[in-house]
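Reader: I have a fold open on my screen and want to know what backs up the words people use for it. Can you walk me through the labels?

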Amino acid sequence: MKKTKMLKKNYEFRDVLSRGKYYSGEYIEVFLKKNKTDKYNFLGIAISVKAGKAVRRNHVKRLIRENYRLVENTLKVGYSIIFLWKKKKDIRQADFQKIKKDLNNIFDKADLFEVNQ
RNA sequence: AGAGUAAAUUGAAUAGUCGCUGGUAAUUUCCGAAAGGAAUUACGAGAGGAAAGUCCGGGCUCCAUAGAGCAAAGAUGCUAGAUAACGUCUAGUGAGGGUGACCUCAAGGAAAGUGCAACAGAAAAUAACCGCCUAUGAGAAAAGGGUUCCCACAAAGCUUGCUUUGUGGGAGAGAGGAAGAACAACGAAAUUAUAGUUUAAGUUGAGCUUGCUCGAACUUAAACAUAAUGUAGUUCGUUCUGACGUAGGUAAGGGUGAAAAGGCGAGGUAAGAGCUCACCGCUAUUAUGGUGACAUGAUAGGUCAGUGUAAACCCCAUCUGGAGCAACACCUUGCAAAGAAGAUUAAGCCUGCUCGGCGCCUUCUUGAUUUGUGUGGCUUGAGAUAGAUAGUGAUAUCUAUCCUAGAUAAAUGACUAUUUUAAAUGACAGAACCCGGCUUACAGAUUUACUCUGUUG
RNA sequence: CUACCUAUAGCUCAGCAGGAUAGAGCAGUCGCCUCCUAAGCGACCGAUGGGGGUUCGAGUCCCUCUGGGUAGA
């Protein structure tokens, strides 16, 4: 993921979550905010402890990261993006195809894809 | 064949495409003041039996080198062994459960002391409530008296033939009362009350004899009377219960309870009792076997009086210093401290106390509180696999081979195809410094040994 | 990561040196009162987080699991 770095600090997460734009899909929620750099996107994934045990949370993280990786090259650059899992959804329903559908819908709505594509 | 017991193994595999995190090698001389980092290519590696819970133990690091003694607090608790250590494991002992294979047990001390044992029960721990037995008193028997009934006589009353009282005689159907309870009556003393009575003193009013008298005026005190309260007590008063009371002996029996004072039988006794005896149990001593827990036998003991609870306090024995990899060290940034020596004992620290140690201050020397997407700590280790030897076993020793995750917003994923399978989309579940255990979760599959039941031979 | 606390009716709390039929307020249901409602009165309903152990007996003591919370670096 050449164009992307991970969000790590707590204050960075808080900044995006409080000031970013909110988009909701069927299973996942996304917060978007423009950052100061032009070179990179910042990616953060957060899933609550209450959603499930460690194995399942890790699995969902991987699914989201994989989906992001597949569309990474088609995205505009210079954004901070945070993915969250919807609290009410059972984490056992997590699926590659469902998340792919959600993610594409949200990025369409947010107009994140480059115009060429 | 069915049901079961114990131990162990396993916890999908292969290929392709895209991608992730370390390692090794090479390249780029790309970034940075530096430590160091970044990119590309190749090769090879990449979660578990529980990685989980964090319930124990240890390594490692720092606190003084982790110290000495006492106390406090905590843990453990049959024996022997294993181990670095353990609360773990192995082999035994004892107790309990199961037809059995086998399973379970925090299994020291209740005669050092304290506490607790609800309800029920006579009694819950220094057993005498009932019962049983003995003595004595009462009772029963006899005599006398009285009561009840019948008869006779006398007196009184009135309703004039009955009632009551007294005296005498007779009868024996009924009655008879130790003790207790309730009620009634009486009630010492005491207390309270009374326009009570008397006496004394004082005040006040009236009278006249002017210092005495009188008052059905007042106050105080004493005595008496009356009333109330009704205690101690009394009553051939009423009613009820109704045969035992007292002093001893006795643990055989007594509905309860989780638990009842060694069990059972015989003798014995006034009745009973380990009072005596047999058997069983218990305790002590001793012999033999065993490293030991303990087992077996012998002898003695009836003061075998003293139940249970210590996952109640406690006692005894053994053990434990504290904090934790966000420990700690280094680098970077650039803040005013750090180190050594000397002297001193005033704060403070080392868990409470005593010792002991560090610490104030001065001098000399030296650059570092804090900051961070930093580096190390970080994986070669009480390691793994295979074999041999010793041991019943836990395990130990030796030999050979191997190096097998090291992340830090945190790496194993996605898609496709095939195979095995009853099922693969589908058990429980994600390393975070590292080990040894314990506990808990878990779809299923497989193997070995053994037990019981049934059927057939 | 480490250390610690806690769990009792639908809700908020009592209950502790083991002896209970587990109590109170609010809530709920029914009845009385009222023209009706509220308030009031009376009755009822309803709980020891799960599983084991010690004990004659466990809400209380011990072990273990599950949930909730707090503190420190």
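Author: Sure, starting with a helix on the sheet: H2 lies across S3, S4 and S5, and runs at about 155° to S4. H3 packs on the sheet as well, touching S2 and S3, with its direction at about 35° to that of S3. Keep in mind that this is a predicted model.

Reader: How do you know how far to trust the prediction of chain A?

Author: pLDDT is the predictor's own confidence, on a scale from 0 to 100. Chain A averages 75, and 82% of its residues score at least 70. For the model as a whole, ipTM is 0.75 and pTM is 0.65. Where pLDDT is low, the predicted coordinates should not be read in detail.

Reader: What makes up the fold of chain A, read along the sequence?

Author: The pattern is β-α-β-β-β-α-β-α, which comes to 3 helices and 5 strands.

Reader: What makes the 5 strands a sheet, and in what order do they sit?

Author: Two strands count as paired once there are at least two bridges between them. S1 (residues 4-6) and S4 have 3 bridges, in the parallel sense. S4 and S5 are joined by 5, also running parallel. S3 and S5 pair antiparallel over 7 bridges, and S2 and S3 antiparallel over 4. Each of those counts meets the cut-off of two, so the pairs hold. The result is an open sheet in the order S1-S4-S5-S3-S2. From one strand to the next, the twist averages 25°.

Reader: Why is the pairing called mixed?

Author: Strands pair through backbone hydrogen bonds, either parallel or antiparallel. Here S4 and S5 run parallel, whereas S3 and S5 are antiparallel. With both senses in one sheet, mixed is the word.

Reader: Which residues can I click on to see those bridges, say from S1 to S4?

Author: Try threonine 4, whose partner in S4 is asparagine 41. Leucine 43 stands opposite isoleucine 81 in S5. Glutamate 29 is a good one to pick: leucine 84 is its bridge partner in S5, and serine 24 stands opposite glutamate 29 on the S2 side. Tyrosine 23 has valine 30 as its partner in S3. A hairpin of 3 residues joins S2 to S3.

Reader: How do you know which side chains along S4 are buried?

Author: The test is 20 or more other C-beta atoms within 10 Å. Asn41, Leu43 and Ile45 are buried and point to one face. Phe42, Gly44 and Ala46 point to the other face and are not buried. That is an alternating strand. Over chain A, 21% of the 117 residues count as buried.

Reader: What makes a set of residues a nonpolar core, and which ones have the most contacts inside the largest?

Author: Members have to be buried nonpolar residues, joined through C-beta atoms within 7 Å. The largest core has 21 of them, and Ile28, Ile64, Phe83 and Ile99 have the most contacts inside it. Two or more residues each come from S3 (28-34), S4 (41-46), H2 (54-71), S5 (79-85) and H3 (96-110). S5 gives the most, with 5 residues.

Reader: What does isoleucine 64 touch?

Author: Leaving aside residues up to four places away in sequence, isoleucine 64 touches Ile28, Ile45, Phe83 and Ile99. Contacts over long stretches of sequence show up in the totals too: of those in chain A with a separation of 6 or more, 81% link residues 24 or more positions apart.

Note on methods. Residues are numbered from 1 along each chain as its sequence is written. Chains are lettered from A and ligands numbered from 1 in the order in which they are written. This is a predicted model: local features need pLDDT of at least 70, side-chain atom pairs count only at pLDDT 80 or more; totals for chains, interfaces and linings use all residues. A residue is buried if 20 or more other C-beta atoms lie within 10 Å of its own, exposed if 12 or fewer, and partly exposed in between; C-beta atoms are placed from the backbone. Two residues are in contact if their C-beta atoms, placed from the backbone, lie within 7 Å. Axes are lines fitted to C-alpha atoms, for helices over the stretch in contact, and angles run from 0 to 180 degrees between N-to-C directions.
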